[in-house]
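Trainee: Please take me closely through one part of this model, the pairing of charged side chains, and then set that part against the helices and domains around it.

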Amino acid sequence: MTKQAFKEEFFRILFFLSAATAVIAILLICVFIFMNGFPFIGKYGASNFLFGKEWSPSNSPASFGILPMILGSFFITIGAIIIGVPTGILTSIFMVYYCPNQLYTFLKSSVNLMAAIPSIVYGFFGLQLLVPWIRTFAGNGMSVLTASILLGIMILPTIISLSESAIRTVPVTYYSGSLALGASHERTIFRVILPAAKSGILSAIILGIGRAIGETMAVILVAGNQPIIPSGIFEGTRTMTTNIVLEMAYASGQHREALIATSAVLFIFILLINACFAYVKGKSIHE
């Protein structure tokens, strides 16, 4: 074997092992979570676990209903999407088509800096600024609305950066051709450029949703952490991730099994979200 052939074979194996490592890691996570979570769900009852409204592991008999946490995760994630997705996409449009060069450098650096800020810092920001502000409207400030606003801010760097990259990959001829046909600048952006960049923008939204539904530390500080179904956006709630973090340190026996089962449900939700968006993305590519 020649030296060149040896190098090619070496790097082929290296790249294969790198790809295999990622796949094996995912498989190991799936095996651990499902093997430890599903037996409890089968023993306790899937309907009791998924649709039970009471979480009280210290009572006798203990109750392990996670419906309040499922709905809490859902409400907060939807709120973050409503706040973060339009803001992120419009910001990316501004950075590509409207932002002056002098401002672009500062804005791009700021977006990158936002992505590097630890979650706990965002949490303290929400605790010191958002919670008192929301308190002036209703409740004690720790609520679904507060957590939604904070998560909406936290997913902005992901959505802005990926959406901007997707928009910049659209050929310039799309833009110039639309203008040549008489379309206005704004109409060209929203009717030609954004549809052409739809696949990349959907990927940005997927990653943003994954960040929102999996966030823990920031939500702990501002959501209130009550394992109850919220009756409004100014009421406190608890997400599945915060429920696991708050109680895993001292959980044992059936309580620990219930928390692992909660992580299995969360993992399935994330897989379903990614599968749905992958299907929509696939359809958009073939249209």
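Mentor: A residue is called buried when its relative accessible area is under 20%, exposed when that area is over 50%, and partly exposed in between, with a 1.4 Å probe and protein chains only. Residues are numbered from 1 along each chain as its sequence is written, and side-chain values use heavy atoms, with hydrogens and water left out. The model is predicted, so local features need pLDDT of at least 70 and side-chain atom pairs count only at pLDDT 80 or more, whereas totals for chains, interfaces and linings use all residues.

A salt bridge here is a side-chain nitrogen of Lys or Arg within 4 Å of a carboxyl oxygen of Asp or Glu, and a search of the whole structure finds six of them. The underlying idea is that side chains of opposite charge can pair when their charged atoms come close. One of these pairs joins R12 to E9, with 2.7 Å between the closest N and O atoms. Both residues belong to helix α1 (residues 3–44), where they sit three residues apart, about one turn of the helix; helices are DSSP runs of H or I with at least four residues, and strands are runs of E with at least two, numbered from the N terminus. E9 counts as partly exposed because its relative accessibility is 31%.

A second pair links the side chains of E164 and R168 at 3.0 Å, N to O. These two lie four residues apart in helix α7 (residues 156–168), so about one helical turn separates them. An α-helix has 3.6 residues a turn, so residues three or four places apart point the same way. E164 is buried at 2% relative accessibility, whereas R168, at 44%, is partly exposed.

In a third pair, R238 and E247 bring their closest N and O atoms to 2.9 Å. R238 is buried with a relative accessible area of 10%, and E247 is buried as well, with 6%. Elsewhere, salt bridges that share partners join K108, E164 and R168 into one network.

To place this among the helices, return to α1, whose 42 residues should span 62 Å at 1.5 Å a residue, the expected span being 1.5 Å times one less than the number of residues. Its end C-alpha atoms are 61 Å apart, which agrees. The helix nevertheless has a kink of about 25° centred on F34, a bend being the angle between axes fitted to the seven residues ending at a residue and the seven starting there. The buried residues of α1 are A20, C30, I33, G37, F40 and I41, and just after this helix G45 takes a positive phi of about 105°.

Helix α10 (residues 198–214) offers a further case: its 17 residues should span 24 Å, and its end C-alpha atoms are 24 Å apart, which agrees. Its buried residues include I201, L202, S203, A204, I205 and I206.

At the level of the chain, the domain assignment gives domain 1 (3–56) and domain 2 (66–286), bounds that come from an automatic or database assignment. Their C-alpha centres lie 24 Å apart, and the contact between them, meaning heavy atoms within 4.5 Å, takes 16 residues from domain 1 and 23 residues from domain 2.
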